[in-house]
Amino acid sequence: MTNMDTNIFDILESEVRSYSRAWPTVFESASGSWIRDEDGRDYLDFFAGAGSLNYGHNNPVLKSALVDYIVGDGITHGLDMSTVAKRDFLQTFQDTILKPRGLDYKVQFPGPTGTNTVEAALKLARKVTGRSSIINFTNAFHGMTLGALSVTGNSMKRAGAGIPLVHATPMPFDNYFDGVTEDFHWFSRVLDDSGSGLNRPAAVIVETVQGEGGVNVARPEWLRALADLCAERDILLIVDDVQMGCGRTGPFFSFEVAGITPDIVCLSKSISGYGLPMALTLFKRELDVWGPGEHNGTFRGNNPAFVTSKVALEHFWSDDKLHKSTASKGEKIHQAFTELTKRFEGSLSTRGRGLVQGLVFEESDLAAKVCKLAFDEGLLAETSGPSDEVVKLLPALTITDDELDHGLAILADATAKVCS
Ligand SMILES: Cc1ncc(COP(=O)(O)O)c(C=O)c1O
């Protein structure tokens, strides 16, 4: 293994780096669900770029379209100028994703990251309603810029802001009280009580499954009740589908399972299909109150990402094959994890939807130990949750059953070692 103590990363790169600490090697190439380091060691990837590589590394269909585009001198950088690549993407997005789902959204290209689309969503909600306050949820994660951080739960990340994070009020996410308290009891009460002190919110922002927050899955009925509450009280509903969108939970949008239509949707991570930076903010047509250039950014038009995104939509979303295989592969992980929870009763539990699955350790330190042992055996998996107590799996949706079995066997061995 490369000596990580005396290398340029330690000398020059900021202490803020984190994944390189959990996986102390130097990666060089990748294909599908495998990533190789410079010593030629292969790792099975159950992390998929934190959900940015839903179709695997360097998917050949997307790669060939990208190479052709670059070789043909296609536009690389174009701010928000109209380009052929953007037109082709928009047309395909409309025909393949929006129209079949009856969604009449306008598309905004914010800066190309998840936190950029969240900022755009919050700003738009405030502009539309003329209100400043936002409701977020316990254990939410929405990004690192100040607006997104203000609606994020994690205290360590919040402390990094260095200033008070205001204009957001957290409410309990689904099952926060283990089913003891009626859903939205508190939220609807404080909304309706003129003495509660709650400022009338512009919007509610929610993840249908909280990935960073510990794979907390909102039930469809909870999401429906939330959507109804927002509609009744004239509050905009923002679904942050940055990590759970693009098929991660099965359907293209994670909220489809609940049959709701959010007012605003945030997408990023896997929308380019290739790991290229790209983000979209989608909103109902009547919410498009932006003035020209009112919210801009130099890197909104990542044209190579439009190219790979269009091909990914055509290739993976013209039928329901990927949706179905994600459900069955998710079930395979669920079964493997359920067996472990039975074997080590009291120490473990499991939760997830589609191909985001979590193994939850009562003793929080053990999750990181499992990930470390897994890395030693050639598997990448990360932890999540407020105490990093969850081993979170986000394999590529294109992973094969054999690859899944291989990785699950490594995890089972690692779990047995730390729990026995
Ligand atoms: C739900 C959600 N929203 C927003 C973000 C922020 O995305 P980015 O890191 O690209 O800014 C993330 C990142 O993990 C996320 O999971």
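**Sheet architecture, helix packing and local backbone features**

In the predicted model, seven strands are arranged in an open sheet of mixed pairing, with the order E4-E12-E11-E10-E7-E5-E6. The edge positions are taken by strand E4 (105-108) and strand E6 (168-171); each has a single partner strand, so one side of each is left without a neighbour in the sheet. Direction ignored, neighbouring strands of this sheet are turned against each other by 20 degrees on average. Within the sheet, strand E11 (residues 264-267) pairs with strand E12 (residues 280-284) in the antiparallel sense, over four bridges. In this pairing, isoleucine 264 is found opposite phenylalanine 283 of E12.

Helix H9 (residues 185-192) lies across three strands, namely strand E5 (133-137), E6 and strand E7 (201-206). Its direction is at about 140 degrees to that of E6. The loop between E6 and H9 contains aspartate 178, a residue other than glycine whose phi is nonetheless positive, near 50 degrees. Most residues other than glycine have a negative phi. Aspartate 178 counts as exposed, at 64% relative accessibility.

Aromatic contacts were examined next. Over the whole structure, 20 aromatic pairs are found. One of these pairs joins phenylalanine 173 and tryptophan 222 in a tilted arrangement, with 5.1 Å from centre to centre and 55 degrees between the planes. Distant parts of the chain are linked by this pair: phenylalanine 173 belongs to the loop between E6 and H9, whereas tryptophan 222 belongs to helix H10 (residues 220-233), and the two are 49 residues apart. Phenylalanine 173 has a relative accessible area of 4% and is therefore buried, the cut-off being under 20%. Tryptophan 222 is likewise buried, with a relative accessible area of 2%. The loop between E6 and H9 thus holds both the buried phenylalanine 173 and the exposed aspartate 178. In addition, a cluster connected by ring pairs comprises Phe89, Phe93, Phe109, Phe252, Phe253, Phe255, Phe306 and Trp317.

Helix H4 (residues 60-71) consists of 12 residues. From its first C-alpha to its last, H4 reaches 16 Å, close to the 16 Å expected at 1.5 Å a residue. Its buried residues are Leu62, Ala65, Leu66 and Tyr69. Viewed down the axis of H4, the buried residues fall within an arc of 100 degrees, so they line one face of the helix. An α-helix has 3.6 residues a turn, so residues three or four places apart point the same way. Pro60, Asp68 and Val71, on the other side of H4, are exposed. The cover over the buried residues of H4 includes helix H5 (84-98) and helix H11 (303-317).

Strand E14 (residues 356-361) is largely enclosed by the rest of the structure, because six of its six residues are buried. Both of its faces are covered, with Val356, Gly358 and Val360 buried on one side and Gln357, Leu359 and Phe361 buried on the other. E14 runs antiparallel to strand E13 (residues 348-353), to which it is joined by six bridges. Arginine 351 has glycine 358 of E14 as its bridge partner. Two residues separate the strands in the hairpin of E13 and E14, where glycine 354 adopts a positive phi near 60 degrees. E14 also pairs with strand E17 (residues 390-393), again in the antiparallel sense and over four bridges. Here glutamine 357 faces leucine 393 of E17.

A further positive phi, of about 55 degrees, occurs at aspartate 388, which is not a glycine. Aspartate 388 lies in the loop between strand E16 (382-384) and E17. Its relative accessible area of 39% places aspartate 388 among partly exposed residues.

Towards the N terminus, threonine 25 is situated in the loop between helix H2 (19-22) and strand E1 (27-31). Threonine 25 is buried, with a relative accessible area of 6%. Between threonine 25 and methionine 171, the separation is 146 residues in sequence and 40 Å in space, C-alpha to C-alpha.

Note on methods
Residues are numbered from 1 along each chain as its sequence is written. This is a predicted model: local features need pLDDT of at least 70, side-chain atom pairs count only at pLDDT 80 or more; totals for chains, interfaces and linings use all residues. Side-chain values use heavy atoms; hydrogens and water are left out. Two strands pair if DSSP finds at least two bridges between them. Axes are lines fitted to C-alpha atoms, for helices over the stretch in contact, and angles run from 0 to 180 degrees between N-to-C directions. Contact means heavy atoms within 4.5 Å. Rings of Phe, Tyr and Trp (its six-membered ring) pair if their centres lie within 6.5 Å; planes under 30 degrees apart count as stacked, over 60 as edge-to-face and the rest as tilted. Buried means under 20% relative accessible area, exposed over 50%, partly exposed in between (1.4 Å probe, protein chains only). The expected span of a helix is 1.5 Å times one less than its number of residues. The arc is that of the directions from the helix axis to the C-beta atoms.
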